[in-house]
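Good morning, colleagues. Please turn to the sequence and the structure on the screen, and keep both in view while I speak.

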Amino acid sequence: MSAPSKTHAAKPRKRNIRAYASGAFKPHGQIEFWTEGPVVRIEAQGPFNREAFEAVGLAMRELFASTSLGPVFADILEIRHSIMISPEALDAFGQFLALMSANKSAPRAVAYVVAAEVEGRSLVLPLLQRLYDQHGRQFAAFETMAEAEAWVRERLSAPQ
């Protein structure tokens with residue numbers, strides 16, 4: 001996935017979950033995302049709570065309503081600092097994945113970029129793998145963006 005020319009490319013509209021938080025408690029963690037062609041790019045920094053994933057659900061609904069990703073797309077998430085997640089947040093994330101499946105808005109593949117030094121990497125990635133497996137998603141975690149992008153490119157170009 002080559003980067004578009006900086007001279008001609010419009011900057012993508014980035015969405016931050018803070019703008020979508022509606023409950024009494026603020027989301028913990030930072031999550032910002034945008035689209036680049038058939039890829040939803042996500043930058044996140046944990047730890048994360050339930051409210052963060054509730055805000056993600058609202059923000060993603062708005063993204064899908066305002067962007068034409070098409071039926072075949074993928075997610076690339078780059079996690080910095082911490083990937084720690086509360087049990088309630090993990091449950092909320094599972095509900096979000098189920099809703100995406102029900103709405104037929106699930107990505108073909110999901111790649112996480114999580115460097116070795118990110119807090120909670122070895123604890124949380126297996127939990128996420130199980131969750132993605134339960135929801136029928138192709139999921140993989142990598143230490144570098146180049147690896148994730150290559151894996152996503154392969155999945156997007158494969159026949160359905």
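Let me begin with a question: is E43 buried, partly exposed or exposed? E43 is partly exposed, with a relative accessible area of 25%. In these terms, buried means under 20% relative accessible area, exposed means over 50%, and partly exposed lies in between, with a 1.4 Å probe and protein chains only.

Before going further, a word on the basis of these values. This is a predicted model, in which local features need pLDDT of at least 70 and side-chain atom pairs count only at pLDDT 80 or more, while totals for chains, interfaces and linings use all residues. Residues are numbered from 1 along each chain as its sequence is written, and side-chain values use heavy atoms, with hydrogens and water left out.

I turn to the overall architecture. The protein has 4 helices and 6 strands, where helices are DSSP runs of H or I with at least four residues, strands are runs of E with at least two, and both are numbered from the N terminus. Read from the N terminus, the order of elements is β-β-β-α-β-α-β-α-β-α. Of the 160 residues, 43% are buried. The accessible surface, by the Shrake-Rupley method with a 1.4 Å probe, is about 8700 Å², and carbon and sulfur atoms hold 55% of that area. A contact here means heavy atoms within 4.5 Å. Among contacts with a separation of 6 or more, 72% are between residues 24 or more positions apart.

Next, the salt bridges. The criterion is a side-chain nitrogen of Lys or Arg within 4 Å of a carboxyl oxygen of Asp or Glu, and it yields 6 salt bridges. One of them joins R41 and E149, at 2.8 Å from N to O. Because R41 belongs to strand 3 and E149 to helix 4 (residues 145-157), this pair ties together parts that are 108 residues apart in sequence. Both R41 and E149 are buried.

E43, with which I opened, has R80 as a salt-bridge partner, and their closest N and O atoms are 3.8 Å apart. That pair also links distant parts of the chain, since R80 is in strand 4 and E43 in strand 3, with their positions 37 residues apart. R80 is partly exposed as well, its relative accessible area being 37%. A further salt bridge is formed by the side chains of E154 and R155, at 3.1 Å from N to O. R155 is partly exposed, at 22% relative accessible area. Finally, E36, R41 and E149 are joined into one network by salt bridges that share partners.

This leads to an arginine of another kind. What is the nearest side chain of opposite charge to R108, and how far away is it? The answer is E154, at 11 Å; R108 is buried yet has no salt bridge. For this purpose Lys and Arg count as positive and Asp and Glu as negative, with His and the chain ends not counted. R108 sits in the loop between helix 2 (87-102) and strand 5 (109-114). A polar atom of its side chain is 2.9 Å from the backbone oxygen of R155. Leaving aside residues up to four places away in sequence, the residues that R108 touches include V72, F73, Q138, L156 and P159.

The aromatic residues come next. Rings of Phe, Tyr and Trp (its six-membered ring) pair if their centres lie within 6.5 Å; planes under 30 degrees apart count as stacked, over 60 as edge-to-face, and the rest as tilted. The structure holds 6 such pairs. F93 and F96 are stacked, at 6.1 Å centre to centre and 20° between the planes. These two residues are both in helix 2, 3 residues apart, about one turn of the helix, and both are buried. Y132 and F139 are stacked too, with 4.7 Å between centres and 10° between planes, and both of these are also buried. Together with Y112, the residues F93, F96, Y132 and F139 form one aromatic cluster.

I close with two points of backbone geometry. Most residues other than glycine have a negative phi, and most peptide bonds are trans. The bond from G46 to P47, however, is cis, with omega near 15°. P47 is in the loop between strand 3 (39-45) and helix 1 (50-66). H81, in the loop between strand 4 (74-80) and helix 2, has a positive phi near 65°. H81 is exposed, with a relative accessible area of 51%.

Definitions and conventions:
A polar contact is a pair of N or O atoms within 3.5 Å; within protein, one must be able to donate a hydrogen and the other to accept it, and residues adjacent in sequence count only if both atoms are side-chain atoms.
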